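Open the model in your viewer and keep the sequence panel beside it. This tour goes stop by stop: select, look, move on.

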Amino acid sequence: MTYRGLEADAAIHKLAGRQRGVVSRRQLIEAGVSGDAVDRRVRVGLLRLVHPGVYRVGYVVAAGWREMAAALSCGARAAVSHRSAAGVWQVAWQLVASDPVEVIAPEGNRSRRHDVRVRRLRTLRPDEVTTLDGIPVTTPARTLVDLAAVVGVRELERAFGEAVARRLTTGAAVLDVLSRHPRQPGSRALRSVLGSDQLALTRSEAEERLLGLIRRSGLPEPGTNVRIRGYEVDFLWRSQRVVVEMDGHAFHSTPERFETDRLRDGVLAAAGLRVMRVTWRQLTQEPEAILVRLAAALAVVDI
């Protein structure tokens with residue numbers, strides 16, 4: 001069946017709605033939209049070319065559309081990978097518009113795009129690819145294996161800690177994928193991360209960063225890892241009765257831990273302590289704001 005007019009528009013929007021607002025010419029023709037109908041919509045701007053044979057539908061920009069378009073441009077068996085996959089899973093960072101989207105594609109794929117970085121493989125196992133919000137992407141475990149080849153150890157530690165804390169994958173699952181690709185670049189670094197207490201390492205780094213920030217600012221130095229009312233707190237200013245706790249996905253992301261933290265805060269508050277929580281994002285992106293809040297808390301005098 002070939003769709004025309006409003007029926008063609010309905011078919012286009014139905015497909016785009018499942019794919020972050022992006023479609024390919026091949027998909028449209030397979031769905032029953034004629035090549036002439038596609039060309040007419042390109043001419044009037046209803047379909048906007050982003051890669052050869054790949055279009056964005058209309059003017060609305062959905063999150064993840066660049067990754068979706070890049071995968072479509074590289075063929076039916078391609079998948080977003082490496083840093084881009086880490087961004088899709090939100091275990092590392094989101095790419096900016098100037099960064100190429102990283103994609104894994106079968107070795108026979110010869111697609112070349114200036115804003116797509118294609119890594120070709122002889123085979124891409126079906127169980128190492130999935131979809132997230134319509135985007136074909138490597139699984140979290142495969143993403144971490146690929147990420148180990150292109151980032152440093154600290155970035156890899158954070159990504160692994162975030163993925164495990166959010167229950168996207170497990171160390172055993174990552175090790176299983178790694179065992180299939182023993183010569184993968186970065187495998188030694190990843191095995192080191194898998195063999196360490198990664199969540200503790202990530203928390204320790206956060207504490208070290210905050211303590212360095214406090215020292216450079218000239219604020220009073222706190223006690224660290226002090227036990228109060230049965231709890232170990234990260235930072236304590238005893239005379240000011242202020243506690244600072246590190247917070248974030250890497251160490252406080254499960255529902256059970258969230259409830260435990262709220263109970264802990266209540267016990268500390270009942271003991272007359274003010275609790276301030278600091279997240280990894282605040283620490284890395286808003287350090288000055290943390291110092292302002294902390295200085296205000298330390299300056300409070302009870303009336």
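Start just past helix α7. Select Arg167, which follows α7 and has a positive phi, near 60°. Bear in mind that this is a predicted model. Most residues other than glycine have a negative phi. Keep that in mind for later stops.

**Stop 1: helix α7**

Now select α7 itself, residues 153-165. Which of its residues are buried? Colour Leu156, Glu157, Ala159, Phe160, Gly161, Glu162, Ala163 and Ala165: these are the buried ones in α7. Next, check the length of the helix. Its 13 residues should span 18 Å, because each residue counts for 1.5 Å. The end C-alpha atoms are 18 Å apart, so the expected and actual spans agree.

**Stop 2: the whole protein**

Zoom out. The protein holds 303 residues, and 46% of them are buried. Switch to cartoon view to find 14 helices and twelve strands. Show the surface next. About 15900 Å² is exposed, and carbon and sulfur atoms supply 52% of that area. Among contacts with a separation of 6 or more, 59% join residues 24 or more positions apart.

**Stop 3: the largest nonpolar core**

Hide the surface and select Val22, Val80, Val174 and Leu190. These residues have the most contacts inside the largest nonpolar core, which has 30 residues. Several elements give two or more residues to this core: α4 (65-73), α5, β8 (135-138), α6, α7, α8 (171-180) and α9 (187-194). Which element gives the most? It is α4, with five residues.

Stay on Leu190. Leave aside its neighbours within four places in sequence. Leu190 is then in contact with Leu144, Val145, Ala148, Leu156, Val174 and Leu178. Leu156 is one of the buried residues of α7 from the earlier stop.

Another core lies apart from the largest one. It has 19 residues, among them Ile214, Phe235, Trp237 and Val278.

**Stop 4: helix α5**

Select residues 82-89. This is α5, and seven of its eight residues are buried. The buried ones are His82, Ser84, Ala85, Ala86, Gly87, Val88 and Trp89.

Click on His82, which belongs to α5. Its phi is near 50°, a positive value in a residue other than glycine. His82 counts as buried because its relative accessibility is 5%, and the cut-off for buried is under 20%.

Step past the other end of the helix to Gln90. This residue follows α5, and its phi is positive, near 60°.

**Stop 5: Thr143 and Thr138**

Go to Thr143 in helix α6, residues 140-147. Is Thr143 buried or exposed? Its relative accessibility is 1%, so Thr143 counts as buried. What does Thr143 touch beyond four places in sequence? Its contacts are His82, Ala85, Ala86, Trp89 and Thr138.

Follow that last contact. Thr138 is in strand β8. With 0% relative accessibility, Thr138 counts as buried. Not counting residues up to four places away in sequence, Thr138 touches Ala79, Val80, Ser81, Ala85, Trp89, Ile104, Glu128, Val129, Thr143 and Asp146.

Draw a distance from Thr138 to Ser84, C-alpha to C-alpha. They are 9.8 Å apart in space and 54 residues apart in sequence.

**Stop 6: Arg20**

Jump to the loop between α1 (5-17) and β1 (22-24), where Arg20 lies. Arg20 is not a glycine, yet its phi is positive, about 60°. Its relative accessible area is 25%, so Arg20 is partly exposed.

**Stop 7: Arg56 and Trp65**

Show side chains for Arg56 and Trp65. The charged end of Arg56 sits over the Trp65 ring, 4.8 Å from the ring centre.

**Stop 8: Ala269**

Finish at helix α12, residues 255-270, which contains Ala269. This residue has a relative accessible area of 45%, so Ala269 is partly exposed. Now select Arg241 as well. Its C-alpha atom and that of Ala269 are separated by 9.8 Å, while the two residues are 28 residues apart along the chain.

Terms used: Residues are numbered from 1 along each chain as its sequence is written. This is a predicted model: local features need pLDDT of at least 70, side-chain atom pairs count only at pLDDT 80 or more; totals for chains, interfaces and linings use all residues. Side-chain values use heavy atoms; hydrogens and water are left out. Buried means under 20% relative accessible area, exposed over 50%, partly exposed in between (1.4 Å probe, protein chains only). Helices (H or I, at least four residues) and strands (E, at least two) are DSSP runs, numbered from the N terminus. Contact means heavy atoms within 4.5 Å. A nonpolar core is a set of buried Ala, Val, Leu, Ile, Met, Phe, Trp, Tyr and Cys residues joined through side-chain atoms within 4.5 Å. A charge sits over a ring if NZ of Lys or CZ of Arg is within 6 Å of the ring centre and within 35 degrees of the ring normal. Accessible areas come from the Shrake-Rupley method with a 1.4 Å probe; for residues, only the protein chains shown count as cover. The expected span of a helix is 1.5 Å times one less than its number of residues.
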